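Here's a short set of exercises to work through with the viewer open. Try each task before reading its solution.

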Amino acid sequence: MPSPHRFTRHPLAVAVALALALPTSALAADSSIEQRLAELEARIAASERRASLAEQRAAQAEAALEKQQGSQQLVQGNTSQNTGEELSAGSIPSQVREEEGEGEGLSMSVYARSGLLIGSDRKSSPGGPYLTPAGRSGGAVGRLGNEPDTYVETVFDYNHRSENGAHSLYRIMLADGTTTSNDWTADESDLNVRQAFVEFSDLPSFTGAFENASIWAGKRFDRDNFDIHWLDSDIIFLAGTGAGIYDISVTDGWDTSFSLYGRSFSNYPVVTDEQPELNDDTDNLILTSNNRFGPWQWMISGMSANDNDERDNDPRGGITGDNVAENGFHTMVAYHGDSFFGMGEGTFKTALMYGHGLGGEVKALGSDGNLNEDANTARLAVYGTTYLTPNWRIAPALLAQTSHDRYADGDRYDWVTLSARLANELTENFEMQYEASYQWMDLDPSGYGYQDDNGNPQVFQSVNGGYTRLTIAPTFKPQVGDFWNRPEIRLFATWSDWDDDLNNFSNDDALGSDGFTGSEWTFGTQMEVWF
């Protein structure tokens, strides 16, 4: 609709009005006609800039109002499906990130979870979405009734709109996590600054293909990350410190973005005859092109970590393989759907990834410095959301990965996870949530090892088998409806079981530890919130 700030700009009318508004002393001053005309033209240009800015702000306010009204309709009874907003696993909702620039001044966003996870022996129980042997290569098994930690992220944004229409965003994110139940946890705190960057958009100097582009620099999560929240698993997670440019319009249907991130591989052992205990570090530089074609996304990255291969042949427990990678590449093709796999209302996303060398860690891109130079990894991720009936909603997910020569020549890490979260909305403030997960894994570390807590060398063992987990969780919330309504307070009971062979993978992981060998019941309570 037309902006209420819009007006007819006629140069002659504006010039006459400005001339009449000049003080008498200014009209009487001894100045040339050319000088007065120049002043008038400058005032006209400034007026037009202010008018254009007013129109932009009106349009932004109108869009924000429509978005707010749409959200209210969802809460008040539209139980068809989620509108596409999602989380970065265990992180700030992406709808909060997408609204950056709509406000002015300082704002705050939060993600937090906290709860107890207690075994049938009334003691703290092992847990976490990555507690199985496949978790070491990214195999998550679901998070409902399976999280023993307290984790908090707080984001502070400062948005500013300049007189020329340019927008600037400054963001800082603080995060902390702990597994203790105590109220004072300073000795175990992992308090960290996870993001600190500035981003500029709507720059008047950017024209043509760069008209809608934005530039940024600093430490950040990449804007185009996306995830499966119910598994606490990113589909793709690119982060670090660097700079980039978003949304270059190559054609009407093709936008591209470029970034350069650095991630540090620090304090790794460099073993030589002269200096067997020397520590060193390097930066893994990740150059990425992210392309969008409507609902399609194609991402390609190249990586280089100079001298990373100097950590070869560490004799102290086989912590690394024989041929550590110094470079690599990664690519992903993804589809962001606006229906439930074309079968009804809802959403779905699917992605196929492949990485080689340093790109062999296909999810947390560029984060693993131990990868073999011959590492090859392929990963498939699929998930969706829909309502089965007005009061029943479901979110199924599939993750599958195969990785060969990952850390040592001849090793193999293959696994598949199937998971679904189901919810029955019973009243305005209460629903029953259910989650079922199954993970099959076939892991052959091929002699790759680690150091235990006492510094003794150990070797991961080859294992094959399945892991099953079932959770029931009575859940209270201020308003049920939609997949993304929070906060929630949950009670839960979880049963998990797995093949005995999986207990042999490692002496320092959860499966096979004292009193946690299979057919386990855990109980607890948890809150989860974001805003």
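**Exercise 1.** What does the accessible surface of the protein come to, and what percentage belongs to carbon and sulfur atoms?

*Solution.* Before starting, note that this is a predicted model, where local features need pLDDT of at least 70, side-chain atom pairs count only at pLDDT 80 or more, and totals for chains, interfaces and linings use all residues. Residues are numbered from 1 along each chain as its sequence is written, and side-chain values use heavy atoms, with hydrogens and water left out.

Step 1: compute the area with the Shrake-Rupley method and a 1.4 Å probe. The protein comes out at about 25,000 Å².
Step 2: split by atom type, and carbon and sulfur take 55% of that surface.
Step 3: look at the residues themselves. Of the 531 residues, 47% are buried (under 20% relative accessible area; exposed is over 50%, partly exposed in between, with a 1.4 Å probe and protein chains only).

**Exercise 2.** Find what E528 forms a salt bridge with, then place both partners in the fold.

*Solution.* Step 1: apply the criterion, a side-chain nitrogen of Lys or Arg within 4 Å of a carboxyl oxygen of Asp or Glu. E528 pairs with R490, and their closest N and O atoms are 2.6 Å apart.
Step 2: locate them. E528 belongs to strand β22 (residues 520-530) and R490 to strand β21, so the bridge ties together parts 38 residues apart in sequence. Strands here are DSSP runs of E, at least two residues, numbered from the N terminus.
Step 3: check burial, and both E528 and R490 turn out buried.
Step 4: extend the search. E528 and R490 join a network of salt bridges that also links R393, E425, E431, K477, R486 and E488. Within that set, the side chains of E488 and K477 meet at 2.7 Å, N to O. E488 sits in strand β21 (residues 488-498), while K477 is in the loop between β20 (463-476) and β21.

**Exercise 3.** Pick out the backbone oddities at P487, D247 and S446.

*Solution.* Step 1: recall the baseline: most residues other than glycine have a negative phi, and most peptide bonds are trans.
Step 2: check omega. The bond from R486 to P487 is cis, with omega near 15°, and P487 is in the loop between β20 and β21.
Step 3: check phi. D247, in strand β8 (residues 239-251), has a positive phi of about 65°. S446, in the loop between β17 (430-444) and β18 (449-451), has one of about 55°.
Step 4: add accessibility. D247 is at 22% and therefore partly exposed; S446, at 34%, is partly exposed too.

Technical notes:
Helix = DSSP H or I, 4+ residues; strand = E, 2+ residues; numbered from the N terminus.
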